[in-house]
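Got the viewer open and a free hand for the mouse? Let's walk through this one stop by stop, picking things out as we go.

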Amino acid sequence: MRTGTPCSNRSVRPTNRLPRGMDLLTKREREVLLLLADGLTNQALASHLGIAQRTVRAHIYKIVQKLELKSRTEAAIVGDRHRTLLTSDMT
């Protein structure tokens with residue numbers, strides 16, 4: 001057993017680089033990702049964007065697929081960690 005070693009099995013992803021697949025997201029998917037990172041529900045996302053909840057679900061599904069994630073929660077974390085790059089890339 002090692003002592004005094006921090007959790008070395010955690011990978012730290014640089015925040016100055018977008019994760020793999022991020023360049024595949026459409027502008028709308030990036031917008032959804034940022035709002036998802038704010039913790040909005042599907043219903044709140046739909047209301048904010050003026051679209052149907054099923055469309056929100058479709059966007060989230062595509063985001064999770066393109067970024068090779070396992071859940072909307074992971075997507076929200078990625079969106080939050082890369083918020084600055086996502087917002088600067090939307091202009």
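Start by selecting H1 and H4: in this predicted model, the two helices pack with their axes 8 Å apart, at an angle of about 95°. Angles from 65 to 115 degrees count as roughly perpendicular, so that is how H1 sits against H4. To see what makes the contact, show side chains on both helices. From H1, pick Leu 33, Leu 34, Leu 36 and Ala 37. From H4, pick Arg 72, Ala 75, Ala 76, Gly 79 and Asp 80.

**Around H4**

Stay on H4 for a moment. Which of its residues are buried? Select Ala 75, Ala 76, Val 78 and Gly 79 and you have them. Look down the helix axis: these residues cover an arc of only 165°, so they are on the same side of H4. Now turn to the other side of H4, where Thr 73 and Arg 81 are exposed.

**Along H1**

Next, select H1 on its own, residues 27-37. How many of its 11 residues are buried? The count is 8, so H1 is largely enclosed by the rest of the structure. To color them, pick Glu 29, Arg 30, Val 32, Leu 33, Leu 34, Leu 35, Leu 36 and Ala 37.

Zoom in on Arg 30, which belongs to helix H1. Its relative accessible area is 7%, and the cut-off for buried is under 20%, so Arg 30 counts as buried. Follow its side chain outward and you'll find that it reaches the backbone oxygen of Leu 25, at 3.5 Å.

Before you leave, step just past the end of H1. There you'll meet Gly 39, with a positive phi of about 90°.

**H1 meets H3**

Now bring H3 into view, residues 53-66. How far apart are the axes of H1 and H3? They are 10 Å apart, and the helices pack at an angle of about 95°. That makes H1 roughly perpendicular to H3. For the contact itself, select Arg 28, Glu 29, Val 32, Leu 33 and Leu 36 on H1. On H3, add His 59, Ile 60, Lys 62, Ile 63 and Lys 66.

**Over to H2**

Select H2 next, residues 42-49. Its buried residues are Asn 42, Leu 45, Ala 46 and Leu 49. Point the camera down the axis of H2: the buried residues fall within an arc of 100°, so they line one face of the helix. What covers them? Turn on H1, H3 and H4 (72-81), which are among the elements doing the covering. Then spin to the face of H2 turned away from the buried side, and you'll see the exposed residues Gln 43, Ser 47 and His 48.

Pick Asn 42, which is part of helix H2. Is it buried or exposed? With a relative accessibility of 16%, Asn 42 counts as buried. Show its side chain together with that of Arg 72, and you can draw a polar contact of 2.6 Å between the two. Leaving out residues up to four places away in sequence, Asn 42 touches Gln 53, Val 56, Arg 57, Ile 60 and Arg 72.

**Past the end of H2**

Just after H2, click on Gly 50, which takes a positive phi of about 70°. Then move to Ala 52, in the loop between H2 and H3. Ala 52 has a relative accessible area of 28%, so it is partly exposed. For a distance to draw, connect the C-alpha atoms of Ala 52 and Asn 42: the two residues are 10 apart along the chain, and those atoms are separated by 9.1 Å.

**Zooming out**

Finally, show everything. The secondary structure comes to 5 helices and 0 strands, and along the sequence the pattern reads α-α-α-α-α. Color by burial, and 33% of the 91 residues count as buried. Switch on the surface: the protein exposes about 6400 Å², with carbon and sulfur atoms supplying 49% of it. As a last look, turn on the contacts between residues at least 6 apart in sequence; 62% of them join residues at least 24 apart.

Methods. Residues are numbered from 1 along each chain as its sequence is written. This is a predicted model: local features need pLDDT of at least 70, side-chain atom pairs count only at pLDDT 80 or more; totals for chains, interfaces and linings use all residues. Side-chain values use heavy atoms; hydrogens and water are left out. Buried means under 20% relative accessible area, exposed over 50%, partly exposed in between (1.4 Å probe, protein chains only). Helices (H or I, at least four residues) and strands (E, at least two) are DSSP runs, numbered from the N terminus. The arc is that of the directions from the helix axis to the C-beta atoms. Contact means heavy atoms within 4.5 Å. A polar contact is a pair of N or O atoms within 3.5 Å; within protein, one must be able to donate a hydrogen and the other to accept it, and residues adjacent in sequence count only if both atoms are side-chain atoms. Accessible areas come from the Shrake-Rupley method with a 1.4 Å probe; for residues, only the protein chains shown count as cover. Axes are lines fitted to C-alpha atoms, for helices over the stretch in contact, and angles run from 0 to 180 degrees between N-to-C directions. Angles under 35 degrees count as roughly parallel, over 145 as roughly antiparallel, 65 to 115 as roughly perpendicular and the rest as oblique.
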